[in-house]
Every structure is written in C-alpha cells, then in structure tokens.
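Reader: Please take a close look at the second largest pocket, and then set it against the rest of the chain.

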Amino acid sequence: MAILGLMTTTQLESERALNARRKVFYDYPNGKFPLMGLLSLMEDAEELSDPEFGWHEERWQSARSLTAAAESGKGPFATSTAGTTAASEATIALAATAYLKVVDATQFRVRDVIRIKNLYTTTATTPVQTTAWVTAADNTTNVLTIKLMDTTLASDTGPKNSNTTNNSLYVSVIGTATGEGDRSRSDGRVGEPFKLTNYTQIFRSVVGPFTGTALKMGQKYDSKPLYRKAAKDGALRHMELMEKAALFGVARSTTTTTIDGDTVPVRYTGGIEYFLNQWDKGNTPNGGAFNYRPNGTDLSAADWRDYDEKRVLRSVGSITSGEWEELIRRMFASQSDSGFEKLVICGDKTLAAVNRWVQNKSITTRDLKTKEESYGLQIKQVDTVHGSLMFKTHPLFKEDPSMQNTMLVVDMGDIVYHCMEGRDTELLKNRQQRDADHRKDEWLTECGFEVRHPKRHMWIDGLTEILA
C-alpha cells in the first residue's frame, strides 16, 4: 500500500539498498528523522550543480479581489479612475460607466466579466448580485472602470456608498467577452511566475577516530561490532541533523575560516518553518525574502482567526471544536497532485488533544499497520470531509517540552530533497590526515530542500486542547 504519494512498502524492501538514507530509514524507522525517512522514499530529485538553487512558483487561483473605500469612511464607488473621492448614491443604468475601487486591480484584465457579490443598495433590505464588464484597470490607484450588465443598480436609488457597508465584498471574474473581429489585448493582470531560492548545506558526521594502536589489535573495522556500532551511531546522528535542518533551518550564506586559515563560503539551507514564515511576511516590502503575496499584509503577528492565509500559528492555546474544524478546512484549501492526504508530525500532547476530540466526536480513525502500510512508522489516520490527516508523533517533539504542543502539517508532494551532484549521503573512508596516527571515517551529505507552495503546509504551536 502507498500513502502520501510515496512508494509502496514492497518497493522500499526491494530498493532500499539504492540509497543510503533509505537504508538507514528502513533499518531504523523509529529514529528521530521521520520526515527525512519519508523524503528518501520519493523519486530521486534532480542533482544540483550549484549550491544556490531556485525554482519558480505562481499562485493559480480564481481571479478576484475585495472592494475598498474610495474615500475614508465611504464606499467603493469613485468619481474617476483616480479613486480618491466617493461617488454619490445615484442609480447606475444598464451599460452605464462606473468606477470601482478594489484592493488589487492587477487581478483583472480589460474585457473581464465580473460579479460583485452581496452589494447593498440604499433602500433594499437584502443584497443584490451585480454583473459588469471591465473596460479599464488602473493598477496604480486600484480602480476598475466598469460598465453595468444588468439593472440591479438602476431600479433602486443606487448602491449604498455613503458608509462602509459595501466595502470588503468579493469581486470575482466570471468570464471574458471579446467583440467579433477584435484584436487580442494584454491589459491587466500578467501573472508572471516568481523565483524562490535556497542553499545546499554540507552535513558531516564523524565515525571514529580509531587509534593506530587499536587498528593493530585484530579488528576488521568494516565488519566487527565496534566499527558497525560507530558507523550506525554516526548515520543516526547524521539523519537527525538533516531532519532538524529540514524543519527549522534558516537560509543564509556567509563565510568562515577553516582550520588551515582559508576563508571559504558556508551555507545554511532553509527548512519548512523558514518558508512558512516568509509566506506570512508576504513580500519584500514587509521584510520577507520573497514576493509570495504582492501588496499583501504582513501576517506574522496577526490573529490567525482573522486571516485564512496565515500559515504559522503561535500560542494557539485552547480552541473550540469549530475553530479546529476551520483549521482543517484551511489545511486542505490547497493541495498537490499526490492526493488529499497530509502528514502531521506532532508532539505527544498535541496528539492527545486531537485524540480526545476524535473520541468526543465519534470520528473513525485507523492505525496503519506499521510494516505493511507505513514503512514501520506508527501512524494514526483521521479521515475528515476535507481529506485524510496522517498523524505521526515526532521523537524530537516528544523529548522537547517546548515542542510537545506543536504540530506541522506537510503536503509531501511539495517538499523536495536535492543534493549536489555526487554528494548524496555516503560513508567515506579514511578521512584522516596522511600523518595522523588514527583512522577516521565520516558520513557526508551536501543537500538542500525545496519547499513549494507554503499555503499547502501549516505550523501550529502551543495547541493545548480542543474543546467539545
């Protein structure tokens, strides 16, 4: 059986020797590196020829924005494309021109057909749904020039515009219409992909050293228990260090001075938490490293209850069942092609809180058979109306009191492990200096992580209870 879009257990058994990371995970599935173990089961990603690597992303979503105030304390209808003065509350006839202020005009193109949802007129007690087409989009003032396609604002006394009633309404593109024989145009939203970057990091874990005297005492170090234990301990430490970098690493490049006195580059790879923090920052003007959300608000310190797109939730505390179900909805607001499954690595206290919620709601869960279905990992599957959550307690989270109420929701289809060409995990022999009276081997890896589409992941800190 395959889970999370990964290889089957049968494939792992037959192909574990092809990859050192995979073999360590197969031999020690309960080690402190479940994420690195699962990443080893993915198809080998392209090897890198440059320690700084990048990839392009673009946000594929329905074009939409929100109405905004044309004037402080007033509604979204303006008197011109300048968008600085609110228009009077006059009726707008079929095919008449109006000026609509929105949060982000770059979402729209000339000739788009738009729908304004739940717009209030001055006398109606129920909102109307208004349709129009875009004749111009000013990306500087964020004002759309529109022409009405229906009579919803002509039969009453016009849209309510003297106060903020009609602000923050959804404006969605519902189509486009071109005149017969007209030429193509490129006005409005372009939707260019943007580039993200990360670095490879060099991980080294020593095996030994073994003294020259010990080497003469009949030990065959490649096979005897003393060497095998040292190599095993080095491998487990090596995988744990890469695991921590994949979770907590911060992308950075600087220099260091070697033992020989040379100044050389040293690079640190960014992990999942780093990219989620950059998503919450939104863009470079907000102090972020990337332009994930151009013109977006910095959500770093915002209340998660108020913003669907926030992905790093701190000090969550005790939440209601309805709030937890809302978080599940947000977890599956976007997903990769690997399926409607998310891995949740968490502390034991958080898992206990989720388990109490499951029992209170009488939700069916399933414990995956560790060898046949989950590669030796103990995983609890919780099926929701939005998708399946695969809970795995993380040994590093369990042993750290500050992490026992933490969970990380991961879409495995959007986490990629990259290594430098010829620098994937390997046990290298005889790494001592030529005149050293000892033998030293080491595990060495130069790798980095591609964390795509942060909206598909979520970091939740300090979740203590889910109330019934």
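Author: Among contacts between residues at least 6 apart in sequence, 70% in this chain join residues at least 24 apart. The model is a predicted one. The chain has 468 residues, of which 45% count as buried. Its secondary structure comes to nine helices and 24 strands, and the C-alpha trace spans about 100 × 55 × 40 Å along its principal axes.

The pocket you ask about has a volume of about 790 Å³. Its lining is made up of 25 residues, and those that lie nearest the centre are Arg-204, Thr-258, Ile-259, Asp-260 and Glu-442. Four elements give two or more residues to this lining: strand E10 (201-211), strand E11 (252-257), strand E12 (263-268) and strand E22 (438-451). By class, the lining divides into nine nonpolar, eight polar and eight charged residues.

Two of these strands have details of their own. In strand E10, the point to look at is Pro-209. The peptide bond that joins Gly-208 to Pro-209 is cis, with omega at about 0 degrees. As a rule, most peptide bonds are trans. In strand E22, the residue to look at is Glu-446. Is Glu-446 buried or exposed? Its relative accessible area is 7%, under the 20% cut-off, so Glu-446 counts as buried. Leaving aside residues up to four places away in sequence, Glu-446 touches Pro-51, then Thr-200, Gln-201 and Ile-202, and further along the chain His-418, Cys-419, Met-420 and Arg-423. Gln-201 and Ile-202, two of these contacts, fall within the residue range of strand E10.

Enclosed space is a separate matter. Rolling a probe the size of a water molecule over the atoms shows where empty space is left. The count comes to one cavity of 30 Å³ or more, and the volume of the largest cavity is about 40 Å³. Thr-9, Leu-12, Tyr-26, Lys-371 and Tyr-375 line this cavity. Sorted by class, they give three nonpolar residues, one polar and one charged.

Two open sheets complete the picture. In general, strands of a sheet pair through backbone hydrogen bonds, either parallel or antiparallel. One sheet has seven strands in the order E2-E8-E5-E6-E7-E4-E3, and its pairing is antiparallel. Strand E2 (64-66) and strand E3 (77-78) stand at its edges; each has a single partner strand, so one side of each is left without a neighbour in the sheet. Inside the order, strand E5 (residues 112-119) pairs with strand E8 (residues 170-176) in the antiparallel sense over five bridges. One bridge partner in E8 is Thr-176, which faces Asp-112 across the pairing.

The loop between strand E7 (143-148) and E8 holds Ser-168. This residue is not a glycine, yet its phi is positive, at about 60 degrees. Most residues other than glycine have a negative phi. With 52% relative accessibility, over the 50% cut-off, Ser-168 counts as exposed. A similar case is found in the loop between strand E13 (312-313) and strand E14 (317-320), where Ser-315 is placed. Its phi is near 50 degrees, again a positive value in a residue other than glycine. Ser-315 is exposed as well, with a relative accessible area of 69%.

E13 leads on to the other open sheet, in which seven strands run in the order E13-E23-E19-E15-E18-E17-E16 with mixed pairing. The edges here are E13 and strand E16 (365-367), each with a single partner strand, so one side of each has no neighbour in the sheet. Strand E19 (residues 407-410) and strand E23 (residues 458-460) are joined over three bridges in the antiparallel sense. In that pairing, Leu-408 has Trp-459 of E23 as its bridge partner. Helix H8 (residues 348-360) lies across five strands of this sheet, namely strand E15 (341-346), E16, strand E17 (380-383), strand E18 (388-393) and E19. The helix runs at about 140 degrees to E18.

To return to your request: the pocket of about 790 Å³ takes two or more lining residues from each of E10, E11, E12 and E22. Of these strands, E10 holds Pro-209 and E22 holds Glu-446.

Technical notes. Residues are numbered from 1 along each chain as its sequence is written. This is a predicted model: local features need pLDDT of at least 70, side-chain atom pairs count only at pLDDT 80 or more; totals for chains, interfaces and linings use all residues. Side-chain values use heavy atoms; hydrogens and water are left out. Two strands pair if DSSP finds at least two bridges between them. On a 1 Å grid over the protein atoms alone, a cavity is a set of points where a 1.4 Å probe fits but cannot get out, and a pocket is an open set with protein on both sides within 12 Å along at least five of seven lines; lining residues have an atom within 4 Å of a point. Grid points are joined across faces, edges and corners, and a volume is the space filled by probe spheres set on the points. Ala, Val, Leu, Ile, Met, Phe, Trp, Tyr, Cys and Pro count as nonpolar, Asp, Glu, Lys and Arg as charged, and the others, Gly among them, as polar. Buried means under 20% relative accessible area, exposed over 50%, partly exposed in between (1.4 Å probe, protein chains only). Contact means heavy atoms within 4.5 Å. Axes are lines fitted to C-alpha atoms, for helices over the stretch in contact, and angles run from 0 to 180 degrees between N-to-C directions.
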